Amino acid sequence: MQVLRMRSSTVIPCVAGAYGAGDEISSSQTAGSVVRPTFDMSGFTRGRIFAAAIDLTAASSNVVTTASDMEILLFRTPDAPAAVGDNVTQPLAASVRAKAIAAFRFDDTGWTGPLGTVAAGTSQFQAVMAHLVQPIASPVLQFPWPNGFHFNFEGQTLAQREFTVVLRALAAWTPLAVNNTIGITLDLEVE
């Protein structure tokens, strides 16, 4: 086993208006032109994902993090749902969501700026460890899952050994009307 940190990024276009809960955050408002972040896993057969991070940088001015609750759903590429386009509602049936290898939630109060403080800045960063939704919403909605999310590619060709990211808004987030670069980093243990 080896521990890796992998990063993939995308630029989301200048958005006119707010994202709503469940809206896709992606590279194009046209579904057929969306290029999602991917991770080439062709050299590995199995492993686990134990943390994920998002870095967010606006083309100009400070990043807006108010109501920037987001989720990353990580799919094996053959199982990823079709893109619907940036700032378009993407409902996912339970049977589709169940195919996700991992899910990470990011909260609008967890962003830190370039100085490591919770304050406005030209870029923002947030990292979360693997976690699961707690069936009882008290005292917290989620709890850490130190085992991480396990995956394997047994029976799949090298070309199929890839992860695709689906990034969705979980609240009414209104970023600045400029292009925003979103980087997604995964911490993995693989073999």
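The exercises below work through the fold, the packing and two backbone details of a predicted model.

**Exercise 1. Which secondary structure elements does the chain hold, and in what pattern do they follow one another along the sequence?**

Solution.
- Step 1: Count the elements. The chain has 1 helix and 11 strands.
- Step 2: Read them along the sequence. The pattern is β-β-β-β-α-β-β-β-β-β-β-β.
- Step 3: Place the helix. In that pattern, α comes after β-β-β-β, and helix H1 covers residues 94–97.

**Exercise 2. What radius of gyration does the chain have, and what would a compact globule with 191 residues have?**

Solution.
- Step 1: Take the reference value. For 191 residues, a compact globule would have a radius of gyration near 16 Å.
- Step 2: Compare. The chain has 16 Å, which agrees with the globule value.
- Step 3: Add the extents. Along the principal axes, the C-alpha atoms fill a box of roughly 45 × 40 × 30 Å.
- Step 4: Add the contacts. Of those between residues at least 6 apart in sequence, 81% join residues at least 24 apart.

**Exercise 3. What share of the residues is buried, and what does the chain expose?**

Solution.
- Step 1: Apply the cut-off for burial, under 20% relative accessible area. Buried residues are 45% of the 191 in the chain.
- Step 2: Turn to the surface. About 9000 Å² is exposed, with 57% of it supplied by carbon and sulfur atoms.
- Step 3: Locate the charges. There are 11 positive and 15 negative side chains, and the centres of these two sets are 5 Å apart.

**Exercise 4. Why is strand S11 described as largely enclosed, and which strands pair with S11?**

Solution.
- Step 1: Check burial. Strand S11 spans residues 180–190, and 9 of its 11 residues are buried, so the rest of the structure largely encloses this strand.
- Step 2: Take the pairing with S1 (residues 2–12). S1 and S11 are antiparallel and share 11 bridges; one reference point is Ser8, whose bridge partner in S11 is Ile184.
- Step 3: Take the pairing with S3 (residues 46–58). S3 and S11 also run antiparallel, joined by 11 bridges. Here Ala53 has Thr185 of S11 as its bridge partner.

**Exercise 5. Where do Ala67 and Asn87 lie, and what is the phi of each?**

Solution.
- Step 1: Recall the background. Most residues other than glycine have a negative phi.
- Step 2: Examine Ala67. This residue is not a glycine, yet its phi is positive, about 60°. Ala67 sits in the loop between S3 and strand S4 (70–76).
- Step 3: Examine Asn87. Its phi is also positive, about 65°, and Asn87 is not a glycine either. The loop between S4 and helix H1 contains Asn87.

Definitions and conventions
Residues are numbered from 1 along each chain as its sequence is written. This is a predicted model: local features need pLDDT of at least 70, side-chain atom pairs count only at pLDDT 80 or more; totals for chains, interfaces and linings use all residues. Side-chain values use heavy atoms; hydrogens and water are left out. Helices (H or I, at least four residues) and strands (E, at least two) are DSSP runs, numbered from the N terminus. The radius of gyration is taken over C-alpha atoms; the globule rule is 2.2 Å times the number of residues to the power 0.38. Buried means under 20% relative accessible area, exposed over 50%, partly exposed in between (1.4 Å probe, protein chains only). Contact means heavy atoms within 4.5 Å. Accessible areas come from the Shrake-Rupley method with a 1.4 Å probe; for residues, only the protein chains shown count as cover. Lys and Arg count as positive and Asp and Glu as negative; His and the chain ends are not counted. The place of a charge is taken as NZ of Lys, CZ of Arg, CG of Asp or CD of Glu. Two strands pair if DSSP finds at least two bridges between them.
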